[in-house]
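Q: I have just opened this one and have not looked at it before. Could you walk me through it, a piece at a time?

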Amino acid sequence: MDKVSSDCPYPGCFFCVMKEGNPSKRRASILKFFRELPSQDDDGQVLPISGLWNTAMAHPNDPEFIELGIFECMAALIWKGLKNRRWLSHDQNIYIPYYAAHIIGSYTMNMEEFAESAVHAGVIPALLELLRGRLTWVEQRVAVRALGHLATYASTFPIVASHGEILELSIQLAMSSLEIVYSHFYQYVDRRLSYHCDLLTRGMGGVEMESRKAEEWASQLQCWSLQLINCFAFKPEFLPTICKTEFLIKLPGMWGGLVNENSPAGIGLLRTICHQKLGRGPIASCPSIIEALCNIARSSDDWQYMAIDCLLWLLQDPNTCPKVIDKVVPALVDLAEITTLGDHKKLGDSIVGVLQDCIQSQGSGRSSISGRTSKQIEDLLNSKQRLKWEKNMPKEDLHIKQAAALVVKLEGNSLFSSGNISGAASKYSEALSLCPMRSKKERVVLYSNRAQCHLLLQQPLAAISDATRALCLHKPLNRHAKSLWRRAQAYDMLGLAKESLLDAILFINECSQSNDPDLSQRQNKVPDYAERLVKKQMRASWLFREAAIKHGGVHSQGDAGDLYGPDTDDSEWETASESDIGNDGRDDMGEEDDGDWNNDDDGKDYEKPLLKDIKDGYSVQLAAEEP
């Protein structure tokens, strides 16, 4: 290493200390620096702190600074900022509490022994003061991040939990974070604190960039609050505090938005709660939560499996099963042919097993199921039995059944073309009853076509059910373009903006990757109607929408255009023939017929496309239209 520069005008300069070639002297100098920094009032202190922030981000597992007292130093700097407002407002010291809390969070992110050192250094009381909002929401964000890391480890969680206020504050912050950021930063551009703007954009952007980053940070503030609450939710003694109706009913709506799709957010916390007996009761008592879980379970959300887990656990619990079974079974029946979802293997078989147990419990008198629900389960079990029978059938008989199903399907297509939508739906149902169970590609088409009929008949729930079944059968899972589009339209009819948005984005992804000759001739493979729906749903599911309505940014449900500038014409949505990819009157059945009878359960396991790819290509373009 280079020797300390004799030209540096600042005695004990951190950057000069880091250049010391003698390891012993270097460590001694760093130790001295950490001890003396909190008591110094020199200008330029933010420079070494920002350097430490960069180091912590780049090398969070390096123990050197931990051993030399960085946690004690950062805690002391936070306290100094809280107690000495004159110092805080001097020079650029306003940045220091933020950087100090961020450094603590970075160094405790991966290493339990670092977290133990941080706790012993006394960082929790300082972070708690930031969590209380003693400064601003920007410092709250990094404080809840650091506390969430400390609460993750078995050795440090009890010390975090001993500060009883942390859980209550985290719950309040999760519920109010979006409103706080909107009202304190986003809403009034001319009132934004300059240091907030600098931290958000690193000095690299203007008002537009600040607004986009504020949305991202607001989402992180909420999601990191939920992560901290989730650490408490694993302990039954904290569930009574967490499982209050006012908080629980808001969890399904805390989804992180497209800006933070890597966080399970509210559904992750619901899953932790549902995993415990004490938590399932309050969840089962909230019909709106059960409905939301069913929607998420059917959706193309990255956290679909978490919602399915919740529904299965609720059914397996004899105390909650009677309360939820009639609402949960239709969703699970639609999902019963999923093979693999993420790390969940044979998920459909697990669903069938739980539903079969429900029927057996009814027979033994342990539970009561409505006739309609019972029939849905029995029909599912019969279809599984039918699959077993078909395995023993000669191939010639299976081909006859397939041919018969094809004839009926073509009759349905003809009725559809002539405008007899109800008749077409009946023919597709008949074709499904004839089609061999293992002819998955053909069944995908039949379910998807029947979903389109339900759409035109103004039956969105039935359309969602059939589109979901088609998506579960398709390889890769949740990637059948037409079914995604049809379900996106059905969700739109029900006012489920987030679910419609996710399906529309995945539909756009499939269009952009399509080899369809009609699409390949277009300069832009993405249909205009899909872009319009995405734009509409991004307005409707905008992260700050509720806060904007409350604070006068939007005056009513119909004023969404006020948020993103002039509205586009969303008054007309395409019919079945207009919304099909490259539809020129042809039906897509012939392209997707299953030519053989090999079970494709063991085929390639495709990975779901990341929403970020689509967000970067489309929604960021839309976000640029924000005021």
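**A first walk through the model**

A: Gladly, and we can start with a single residue: A121 sits in the loop between helix 8 (112–120) and helix 9 (123–131).

Q: Is A121 buried or exposed?

A: A121 has a relative accessible area of 17%, and because that is under the 20% cut-off, A121 counts as buried.

Q: And which residues does A121 touch, leaving out those up to four places away in sequence?

A: With those left out, A121 touches F71 and E72. Another residue to look at is A75, which is 46 residues from A121 in sequence, while the C-alpha atoms of the two are 7.8 Å apart in space.

Q: OK, stepping back, what does the whole chain come to in secondary structure?

A: This is a predicted model, and its chain comes to 36 helices and two strands. Of the 627 residues in the chain, 55% are buried. If you take the contacts between residues at least 6 apart in sequence, 72% of them join residues at least 24 apart.

Q: Since it is predicted, what is the average pLDDT, and where does it fall below 50?

A: The chain averages a pLDDT of 85, and 84% of the residues score at least 70. The pLDDT is below 50 over residues 1–5, a stretch that has 11 contacts in the model beyond near neighbours in sequence. It is also below 50 over residues 555–627, where the model has 155 contacts beyond near neighbours in sequence.

Q: Let's go to helix packing. How do helix 27 and helix 28 run relative to each other?

A: The axes of helix 27 (residues 460–473) and helix 28 come within 9 Å and cross at roughly 155°, and the two helices are therefore roughly antiparallel to each other. Their crossing is left-handed.

Q: Which residues meet there?

A: From helix 27 they are P460, A463, I464, A467, T468, A470 and L471, and these meet S483, L484, R487, A490, Y491 and M493 of helix 28. Sorted by class, the contact between helix 27 and helix 28 has 10 nonpolar, two polar and one charged residues.

Q: What is in the loop between helix 27 and helix 28?

A: Two residues to look at in that loop are P476 and N478. A cis peptide bond joins K475 and P476, with omega about 0°. N478 has a positive phi of about 60° although it is not a glycine.

Q: Why point those out?

A: Because most residues other than glycine have a negative phi, and most peptide bonds are trans. As for its surroundings, N478 is buried, with a relative accessible area of 4%.

Q: Where else is there a positive phi in a residue other than glycine?

A: D91 is one of them, with a phi near 50°. D91 belongs to the loop between helix 6 (85–89) and helix 7 (96–107), and at 39% relative accessibility it counts as partly exposed.

Q: Back to helix 28: at what angle does it cross helix 31?

A: The axes of helix 28 (residues 481–493) and helix 31 (residues 528–540) come within 12 Å, and they cross at roughly 40°, which means that helix 28 is oblique to helix 31. The crossing of these two helices is left-handed. On the helix 28 side the contact is made by W485, A488 and D492, and on the helix 31 side by Y529, A530, L533, K536 and Q537. By class, that gives five nonpolar, one polar and two charged residues.

Q: And what about helix 29 against helix 31, what is the angle there?

A: Helix 29 (residues 497–512) and helix 31 pack at an angle of about 145°, with their axes 9 Å apart, and their crossing is left-handed. The residues in contact include L501, A504 and I508 of helix 29 and Y529, L533 and M538 of helix 31. By class, the contact of helix 29 with helix 31 has 12 nonpolar, two polar and one charged residues.

Q: One last spot: where does D397 lie?

A: D397 lies in helix 24 (residues 395–417), and at 34% relative accessibility it counts as partly exposed. Along the chain D397 and P436 are 39 residues apart, and their C-alpha atoms are separated by 9.9 Å.

Methods
Residues are numbered from 1 along each chain as its sequence is written. This is a predicted model: local features need pLDDT of at least 70, side-chain atom pairs count only at pLDDT 80 or more; totals for chains, interfaces and linings use all residues. Side-chain values use heavy atoms; hydrogens and water are left out. Axes are lines fitted to C-alpha atoms, for helices over the stretch in contact, and angles run from 0 to 180 degrees between N-to-C directions. Helices (H or I, at least four residues) and strands (E, at least two) are DSSP runs, numbered from the N terminus. Angles under 35 degrees count as roughly parallel, over 145 as roughly antiparallel, 65 to 115 as roughly perpendicular and the rest as oblique. A crossing is left-handed if the near helix is turned anticlockwise from the far one by less than a right angle, and right-handed if clockwise. Contact means heavy atoms within 4.5 Å. Ala, Val, Leu, Ile, Met, Phe, Trp, Tyr, Cys and Pro count as nonpolar, Asp, Glu, Lys and Arg as charged, and the others, Gly among them, as polar. pLDDT is the predictor's confidence in each residue, from 0 to 100. Buried means under 20% relative accessible area, exposed over 50%, partly exposed in between (1.4 Å probe, protein chains only).
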